[in-house]
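This report looks at one pocket and at a selection of charged contacts in a protein model. The pocket is described through its lining, and the contacts through their place in the fold and their exposure.

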Amino acid sequence: MSILIDSSSRVLVQGMTGREGKFHSGQMIEYGTAVVGGVTPGKGGEWVHGKPIFDTVKGCVEATGANVSMILVPGPFAADAIYEAIDAGIPLIICLTEGIPIRDMMNVYEYLKNSSSRLIGPNCPGVLTPGQAKVGFMPNYVGKPGNVGVVSKSGTLTYETVAAMSAAGYGQSTCVGIGGDPIIGTTFVEVLEMFEEDAQTEKVVLMGEIGGRAEIDAAEFIKARMTKPVVAFIAGRSAPEGTRMGHAGAIVEGGQGTAQEKIDALRAAGARIAENPETIPDLLG
Amino acid sequence: MNLHEYQTKRRFAQYGIPVASGQTATTPEEARIIAGEIGVPVVVKAQVLVGGRGKAGGVKLAKSPEEAYAIAGKILGMDIKGHTVGIVLIDPASSINSEIYLGITNDRTTGKPVMMASSEGGVEIEEVARVNPSAIIREWISPSLGLREYQARNIASGINLPREHWAAFTKIARNLYRCYVESDAVLAEINPLVITGENELFALDGKMVIDDNALYRQPELAAQRDTSAEPLVETQARDAGLTYVKLNGQIGCMVNGAGLAMTTMDMIKLYGGGDIFPANFLDIGGGAQADRVAAALRIILSDPDVKAVLFNIFGGITRGDEVARGILQALKEVPTDKPMVIRLAGTNSEEGRAIIDDANIPNITAASTLTDGAKKAIAAARGEA
């Protein structure tokens, strides 16, 4: 078992004909992911990596039976791509796009909550179930099948940690990048809930950062509901207040969203706190 | 992107929100003329993109045009938290009976805009939230419905606004919401919204922050960006497609990805023994090409406090060989004898390491991990390497 994606996932890529879309869908196919087709309006009938391109998501789903969509289209067009995937009935939408206007995301969020689709991201590295499927950017070699669930706001920090875990012999059930934007489709709490229910997952690693209160909500959930041990790392202890640290969501405002308050809440909830992501494997023992 | 008070109030006026009929001046002489035209007393207000200008002496009352001249002379050029004042706003002074806070921002938890109001206007909403959280009334807004009239009434009643002002307040609240939405703002606030001695409501001060990701469709607002107040390197970084934030430490950092960039800074602080800190946050972004890496290195080295540079690149989309070529290209353009520690991992990192090794640069040290890189950079900054 795993969460969100596995070897039976049939993946379509919105934006497959672009430079990044081509490269990463190639990497995903190489990893063994069942990429069944792509969508680029105006390019229906073309082929990329031997997979058919469609003009519409609806057309692609009808022809291929895709049940996961990965979105890799530029920010100004991403909201429309998400609506199209929701309307085509795709149950799992993974949006990697960075730079979507927040107003677009608030509109998307409302529509999404009235649908049966789940959205991961945007502005995220995607999802990896080692040995089965990869939907996103994570480098192919970092993961290793195992029993630790990983959930993170950040991309490269996840690669760093997952690579260190794999090297130390701690494989992963699924690695989920939820994204660094203020408004995201799936929260830490929802992913923790999935890991808690997943039979393969025995322990969980959570990587958060400054800004917002998603990690505080996660701590409350851990305290109330999690039976599996959690190791956590929070990035941004050295970040000054009032300055946005790259991610649109990573900012301490009015004394809220500091690394320390998140660390304190997670520790109080029983999570083990790593000071350095490279020491996470030591805390999994 | 932050708008100045005068830019915000101009925008508010376009949306039918009553504001003071002030004008901006960049010289004391202009301030004197404006004060004479709009009639004294006037308030001379520093236009800076940072809070706390009142306490810093950036807002003063002038009872005559000559006094406006003298005050503007003092405020123009004043340094407020590292921002130099280049513009003052001259507003007519008004009699104030009471002050209200009214603002809209996006709420992360619900994914909706939230309108907030408090009868304690004129102070920062964060301060009210800390001292008296129950004084803040909130209404969450459905993006598809917009702010409904009943919601504006809920707020008016919640802050105990006298009924005679409800009609005017509702109009202002709905116009503020429209302004927030159509401007792609992430924050639009009137603070304070005042009730005058003549029983009229108007926005005495205002603040707007525009979503950087939406500037492509807000050309009129994008053109109002004031880069004079920000450090030159931040402008250069934005132009090069980099995210750079200057800090006060000694180790320049170049990292790919925001989370890893913050973590790299944290490791410097963690192992820095209380005297060595990161000099900056710098995210070169995904898929960084050689020329972007070169631009990043130039920016880092332009900081005179930097004693050592740490590169931490974990390639996913970003390729180690591209980064390595970028570093060498930058060193040709901006030679430096400062010690540099390079840690490359992930996509094409072996090729990248080989490129650096072959160049045989004496002040470059390789590091194998994040921790190793941070410790070596700290030692280098202390002159121990």
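In sorting the lining of a pocket by class, Ala, Val, Leu, Ile, Met, Phe, Trp, Tyr, Cys and Pro count as nonpolar, Asp, Glu, Lys and Arg as charged, and the others, Gly among them, as polar. With these classes, the lining of the second largest pocket in this predicted model divides into seven nonpolar, six polar and four charged residues.

The second largest pocket has a volume of about 310 Å³. It is lined by 17 residues, of which Gly15(A), Pro41(A), Val73(A), Pro74(A) and Phe77(A) are the closest to its centre. Two helices of chain A, helix 1 (19-31) and helix 3 (75-87), each supply at least two residues of this lining, and the largest share, four residues, comes from helix 3 of chain A.

Turning to the charged contacts, the count over all chains comes to 30 salt bridges. The table sets out three of them, with the distance between the closest N and O atoms.

| Salt bridge | Closest N and O atoms |
|---|---|
| Glu62(A) with Lys58(A) | 3.6 Å |
| Arg213(A) with Asp217(A) | 2.7 Å |
| Asp205(B) with Arg53(B) | 2.8 Å |

The pair Glu62(A) and Lys58(A) lies within helix 2 (residues 57-64) of chain A, where the two residues are four residues apart, about one turn of the helix. Both Glu62(A) and Lys58(A) are exposed.

For the pair formed by Arg213(A) and Asp217(A), the relative accessible area of Arg213(A) is 39%, so this residue is partly exposed. Asp217(A) is likewise partly exposed, with a relative accessible area of 24%.

In chain B, Asp205(B) forms a salt bridge with Arg53(B), and this pair links distant parts of the chain, the two residues being 152 residues apart. Asp205(B) is in the loop between strand 12 (201-203) and strand 13 (206-210) of chain B, whereas Arg53(B) is in the loop between strand 3 (42-46) and strand 4 (59-62) of chain B. Why do Asp205(B) and Arg53(B) count as buried? The class is assigned under 20% relative accessible area, and therefore Asp205(B), at 17% relative accessibility, counts as buried, as does Arg53(B), with a relative accessible area of 13%.

These two residues of chain B also belong to a network of salt bridges, in which Asp205(B) and Arg53(B) are linked with Glu5(B), Lys9(B), Lys45(B) and Asp91(B).

Definitions and conventions: Residues numbered from 1 in each chain as written. Chains lettered and ligands numbered in written order. Predicted model: local features only at pLDDT ≥ 70, side-chain atom pairs only at ≥ 80, totals over all residues. Heavy atoms only, no water. 1 Å grid on protein atoms, 1.4 Å probe; cavity = no way out; pocket = protein on both sides within 12 Å on 5 of 7 lines; lining within 4 Å. Points joined across faces, edges and corners; volume = space filled by probe spheres on them. Salt bridge = Lys/Arg side-chain N within 4 Å of Asp/Glu carboxyl O. Buried < 20%, exposed > 50% of the residue type's maximum accessible area, 1.4 Å probe, protein only.
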